[in-house]
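Colleague: I've got a helix model open and a few words I'd like explained. Can we go through them together?

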Amino acid sequence: MGVKMVEGLTEKLKGLSDETRLRILNLLYEQDLCVCDVMDILQISQAKASRHLIYLKNVGLLNDRKYIRWVYYSVARNVQLKFIDTLIYDNLRGLEPYKSDLEKQKHWSKYRKQSCAYLEL
């Protein structure tokens, strides 16, 4: 394994070292979300949601796409990061607060008819 590859993996592991970032990843395994979606579901500030989403994107754990003036984030699928799937699905989802976050997201998705972009048009 090359030095650059190890450094990249180290940065990704640092990205997983924060509970809020793990909670965000857990939600993004279900569906793409924008900053305001993450804020609503996790009940955190816009600054905190944005900071953690950008951090995860910068270390290569998330992808983003722009829609009008909103940025939607999704999990970066990569065979080298398969261990993160196991972490999320087999280890976190049965624990709190991750389990409750998924329930909130399910309820939120059911009653949230439109994305942020459509609400402002």
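Modeller: Sure, and let's start with a definition: a crossing of two helices is right-handed if the near helix is turned clockwise from the far one by less than a right angle, and left-handed if anticlockwise. Keep in mind that this is a predicted model.

Colleague: Okay, so which hand does the crossing of H3 and H6 have?

Modeller: The crossing of H3 and H6 is right-handed. On the H3 side, the contact is made by Asp37, Asp40, Ile41 and Leu42, and on the H6 side by Asp101, Lys104, Gln105 and Trp108. Sorted by class, that makes three nonpolar, one polar and four charged residues.

Colleague: And what makes H3 oblique to H6?

Modeller: The two helices pack at an angle of about 120°, with their axes 9 Å apart. Roughly perpendicular covers 65 to 115 degrees and roughly antiparallel starts over 145, so H3 counts as oblique to H6.

Colleague: How do you know that the buried residues of H3 line one face?

Modeller: The buried ones are Val35, Asp37, Val38, Ile41 and Leu42. Looking down the axis of H3, they fall within an arc of 160°, so they sit along one face of the helix.

Colleague: What puts the buried residues of H5 on the same side?

Modeller: Ile84, Asp85, Ile88 and Leu92 are buried there. Their arc around the axis is only 120°, which places them on the same side of H5. Helices H2 and H6 are among what covers them.

Colleague: Why are Lys82 and Asp90 called exposed?

Modeller: Exposed takes over 50% relative accessible area, and Lys82 and Asp90, on the other side of H5, are in that class.

Definitions and conventions:
Residues are numbered from 1 along each chain as its sequence is written. This is a predicted model: local features need pLDDT of at least 70, side-chain atom pairs count only at pLDDT 80 or more; totals for chains, interfaces and linings use all residues. Side-chain values use heavy atoms; hydrogens and water are left out. Buried means under 20% relative accessible area, exposed over 50%, partly exposed in between (1.4 Å probe, protein chains only). Helices (H or I, at least four residues) and strands (E, at least two) are DSSP runs, numbered from the N terminus. The arc is that of the directions from the helix axis to the C-beta atoms. Contact means heavy atoms within 4.5 Å. Axes are lines fitted to C-alpha atoms, for helices over the stretch in contact, and angles run from 0 to 180 degrees between N-to-C directions. Angles under 35 degrees count as roughly parallel, over 145 as roughly antiparallel, 65 to 115 as roughly perpendicular and the rest as oblique. Ala, Val, Leu, Ile, Met, Phe, Trp, Tyr, Cys and Pro count as nonpolar, Asp, Glu, Lys and Arg as charged, and the others, Gly among them, as polar.
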